[in-house]
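Welcome! Here are some exercises to work through with the model open beside you. Try each task before you read its solution.

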Amino acid sequence: MSIRSFLFTCIILFHFLLSAQDEMIQANNQSFQSWNALQIQYSPIDKLSLDIETQLRLKSMGDTYNMSFIQLEAQYEPQPYIEVGVGYRNFDRLDDIGKQQGHEKFNRFYGYVQAKKSFERFDIRFRLQHQVRNQLDNSESPKNNSRWRYKLSSIYNIPNWALDPRLSIEFFMLDEFYSKEAYDKYRLSLGTKKRFSKSRALSFKYFFEKNIGINGSKPYHILSLRYEYRFIRN
């Protein structure tokens, strides 16, 4: 399949998925979003990778703005089985709930450590991350928090197949890492990635996200599309 044909098929598929989302929203009053991202990567030296990502998040049929952000991240791999990283995100979010509505701006700083292991055709990864978020434009009652996140993900390598399935589950915890009451939400994902060359790739994911401990909270169904470009050193 050529790149042009593949991209055309993806566009058609996303059109029908979003149309189906709109019908489900009207029928079930569920919450749907689409996440659309561009990620640029560069590795100045071996074992070190620098990323910049911009993302736009939309609600429902892509007609309601939810959030946009720019993110900078550095990843270092001291050993083949472990990776550490730090990052910064600046984002703008639309608060359309309650009497006071408007745009909210935040900074997020985070760091993580990730262990990696391969078992035959399975690639297994476990990541532990801590992040701190600060609101920028509200000095009276800012919405700040810190979270622990831990994520288990896997990739299954299918022989002679370019779209290997990717599965993950991630838990979000507020404040205390070992407290059961600190669990905030969880997120499941299923997706794949199509690599066109060493420098270009397109990834697709479906996320299911649910808050924990909030009565009547609605789950989120999210479609994610990310275009990745990596600068190759000569």
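**Exercise 1. Decide whether Glu104 is buried or exposed.**

Solution. Step one: this is a predicted model, and Glu104 has a relative accessibility of 8% in it. Step two: buried means under 20% relative accessible area. Glu104 therefore counts as buried.

**Exercise 2. Find the salt-bridge partner of Glu104 and say where the two residues sit.**

Solution. Start with the partner: Glu104 forms a salt bridge with Arg93, and the closest N and O atoms are 3.0 Å apart. Now place them: Glu104 belongs to strand E5 and Arg93 to strand E4, eleven residues apart. Finally, look at the cover on Arg93, which counts as partly exposed because its relative accessibility is 22%.

**Exercise 3. Describe the salt bridge between Asp92 and Lys105.**

Solution. First, the distance: the side chains of Asp92 and Lys105 meet at 2.9 Å, N to O. Next, the location: this pair links Asp92 in strand E4 with Lys105 in strand E5, 13 residues apart. Then the accessibility: Asp92 is buried, with a relative accessible area of 12%, whereas Lys105 counts as partly exposed at 41%. A general point helps here: side chains of opposite charge can pair when their charged atoms come close.

**Exercise 4. Trace the salt-bridge network that includes Lys116.**

Solution. Begin with one pair: Lys116 and Glu77 meet in a salt bridge of 2.3 Å, N to O. Lys116 lies in strand E5 (residues 102–119) and Glu77 in strand E3, 39 residues apart. Check both ends: Lys116 counts as buried at 18% relative accessibility, while Glu77 counts as partly exposed at 26%. Now widen the view: Glu77, Glu83 and Lys116 are linked in a network. The whole structure holds eleven salt bridges.

**Exercise 5. Work out how the strands are arranged.**

Solution. Count the elements: the protein chain has one helix and eleven strands. In order from the N terminus, the helix comes before the strands. Next, follow the sheet: the eleven strands form a closed barrel running from E1 through to E11, with mixed pairing. From one strand to the next, the twist averages 20 degrees.

Now zoom in on some neighbours. Strand E2 (residues 48–59) and strand E3 (residues 64–79) run antiparallel and are joined by twelve bridges; Leu56 has Ser68 in E3 as its bridge partner. E3 also pairs with strand E4 (residues 82–95), antiparallel over eleven bridges, and Ile70 stands opposite Asn90 there. Two residues make up the hairpin connection from E3 to E4.

**Exercise 6. Describe the surroundings of His130.**

Solution. Locate the residue: His130 is in strand E6 (residues 122–135). Judge its cover: a relative accessibility of 27% makes His130 partly exposed. List its contacts: leaving out residues up to four places away in sequence, His130 touches Phe109, Tyr110, Gly111, Ser146, Arg147 and Trp148.

**Exercise 7. Find a nonpolar patch on the surface.**

Solution. Pick out the members: Phe119, Phe122, Tyr156, Ile158 and Trp161 form the patch. Together they have about 500 Å² of accessible area. Then place one of them: Trp161 is in the loop between strand E7 (145–156) and strand E8 (166–174). For the wider setting, the protein chain exposes about 14,500 Å², with 57% supplied by carbon and sulfur atoms.

Notes:
Residues are numbered from 1 along each chain as its sequence is written. This is a predicted model: local features need pLDDT of at least 70, side-chain atom pairs count only at pLDDT 80 or more; totals for chains, interfaces and linings use all residues. Side-chain values use heavy atoms; hydrogens and water are left out. Two strands pair if DSSP finds at least two bridges between them. Helices (H or I, at least four residues) and strands (E, at least two) are DSSP runs, numbered from the N terminus. Axes are lines fitted to C-alpha atoms, for helices over the stretch in contact, and angles run from 0 to 180 degrees between N-to-C directions. Accessible areas come from the Shrake-Rupley method with a 1.4 Å probe; for residues, only the protein chains shown count as cover. Buried means under 20% relative accessible area, exposed over 50%, partly exposed in between (1.4 Å probe, protein chains only). Contact means heavy atoms within 4.5 Å. Patches are made of residues with over 30% relative accessible area and no salt bridge: like charges are joined within 9 Å, nonpolar side chains (Val, Leu, Ile, Met, Phe, Trp, Tyr) within 5 Å. A salt bridge is a side-chain nitrogen of Lys or Arg within 4 Å of a carboxyl oxygen of Asp or Glu.
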